[in-house]
Amino acid sequence: MKKEFPCKLYDLIPSQQTMYLMFKYTFSKQISQIPTSFCVEDRDLDFDLLTKALNIVFERNDSLRLRFIKVDKQLKQYFLPSFKMSKVPCKYFRSPEQQQEFFEKDAKKPVKFMKDEC
């Protein structure tokens, strides 16, 4: 009996298969991690407005809702029908050194794309 999945599943395209094979067979599992951040110093930032803007971007760009799953030992992809961020994650640093230390440590962690860490 075939397992049903709530979203339509798609095969990987060749460039995704290449990235997956690189990820699967490399010792360095953080090869596909591309962290993004920005600093705000001495300025007010409206985080509610930023959250609204990000949610609009998630709604308009299905690639930001892309997720992966294994079905019968094959990697498949699907798109979340919707995704809403309730709050923009923020980190506060006391010094540039503390910030650098955090990002160096974070850069060493692999992205767990099979556990919705996209």
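Along the sequence of this predicted model, the secondary structure elements follow the pattern β-α-α-β-β-α, which comprises 3 helices and 3 strands. Of the 118 residues of the protein, 19% count as buried, and the accessible surface comes to about 10,300 Å², with 55% of this area belonging to carbon and sulfur atoms. Among the contacts with a separation of 6 or more, 62% are accounted for by residues 24 or more positions apart.

The largest nonpolar core contains 8 residues, namely Leu12, Tyr20, Phe23, Leu66, Phe68, Leu75, Val111 and Phe113. Two elements give two or more residues to this core, helix H1 (14-25) and strand E2 (66-71). Within the core, Leu12 is in contact with Tyr20, Phe68 and Leu75, and beyond these with Gln17 and Gln77, when its neighbours within four places in sequence are left aside. With the equivalent neighbours set aside, Tyr20 is in contact with Leu12, Lys70, Leu75 and Phe113. The pairing of Tyr20 with Leu75 joins positions that are 55 residues apart in sequence, with their C-alpha atoms 8.8 Å apart in space.

Tyr20 is located in helix H1 and has a relative accessible area of 17%; because this value falls under the 20% cut-off, Tyr20 is classed as buried. Helix H1 has 12 residues and reaches 16 Å from its first C-alpha to its last, close to the 16 Å expected at 1.5 Å a residue. The buried residues of H1 are Gln16, Tyr20 and Phe23. Seen down the axis of H1, these buried residues fall within an arc of 65°, and they therefore line one face of the helix. They pack against strand E1 (10-11) and against strands E2 and E3, whereas the face of H1 turned away from the buried side carries the exposed residues Pro14 and Tyr25.

A comparable description applies to helix H2. This helix (residues 47-60) has 14 residues and reaches 20 Å from its first C-alpha to its last, close to the 20 Å expected at 1.5 Å a residue. Its buried residues are Thr51, Asn55 and Phe58. These residues cover an arc of only 60° around the axis, so they are placed on the same side of H2. On the face turned away from this buried side, H2 carries the exposed residues Leu49, Lys52 and Arg60. The N-terminal end of H2 is capped by Asp46, a side-chain oxygen of which lies 3.1 Å from the backbone nitrogen of Asp48.

The loop between E2 and E3 includes Asp72 and Lys73, both of which have backbone angles that merit comment. Most residues other than glycine have a negative phi. In Asp72, by contrast, phi is near 50°, a positive value in a residue other than glycine, and in Lys73 phi is near 65°, likewise positive in a residue other than glycine. With regard to solvent, Asp72 has a relative accessibility of 70% and therefore counts as exposed, and Lys73 is exposed as well, with a relative accessible area of 80%.

In strand E3 (residues 74-79), which contains Lys76, a charged side chain is found among the buried positions: the relative accessibility of Lys76 is 17%, and because this lies under the 20% cut-off, Lys76 counts as buried. The side chain of Lys76 is joined to that of Asp11 by a polar contact of 2.2 Å. When its neighbours within four places in sequence are left aside, Lys76 is in contact with Leu9, Tyr10 and Asp11, and also with Arg67, Phe68, Ile69 and Val71. Phe68, one of these contact partners of Lys76, is also a member of the largest nonpolar core, as is Leu75.

Terms used: Residues are numbered from 1 along each chain as its sequence is written. Side-chain values use heavy atoms; hydrogens and water are left out. Helices (H or I, at least four residues) and strands (E, at least two) are DSSP runs, numbered from the N terminus. Buried means under 20% relative accessible area, exposed over 50%, partly exposed in between (1.4 Å probe, protein chains only). A polar contact is a pair of N or O atoms within 3.5 Å; within protein, one must be able to donate a hydrogen and the other to accept it, and residues adjacent in sequence count only if both atoms are side-chain atoms. Contact means heavy atoms within 4.5 Å. Accessible areas come from the Shrake-Rupley method with a 1.4 Å probe; for residues, only the protein chains shown count as cover. A nonpolar core is a set of buried Ala, Val, Leu, Ile, Met, Phe, Trp, Tyr and Cys residues joined through side-chain atoms within 4.5 Å. The expected span of a helix is 1.5 Å times one less than its number of residues. The arc is that of the directions from the helix axis to the C-beta atoms.
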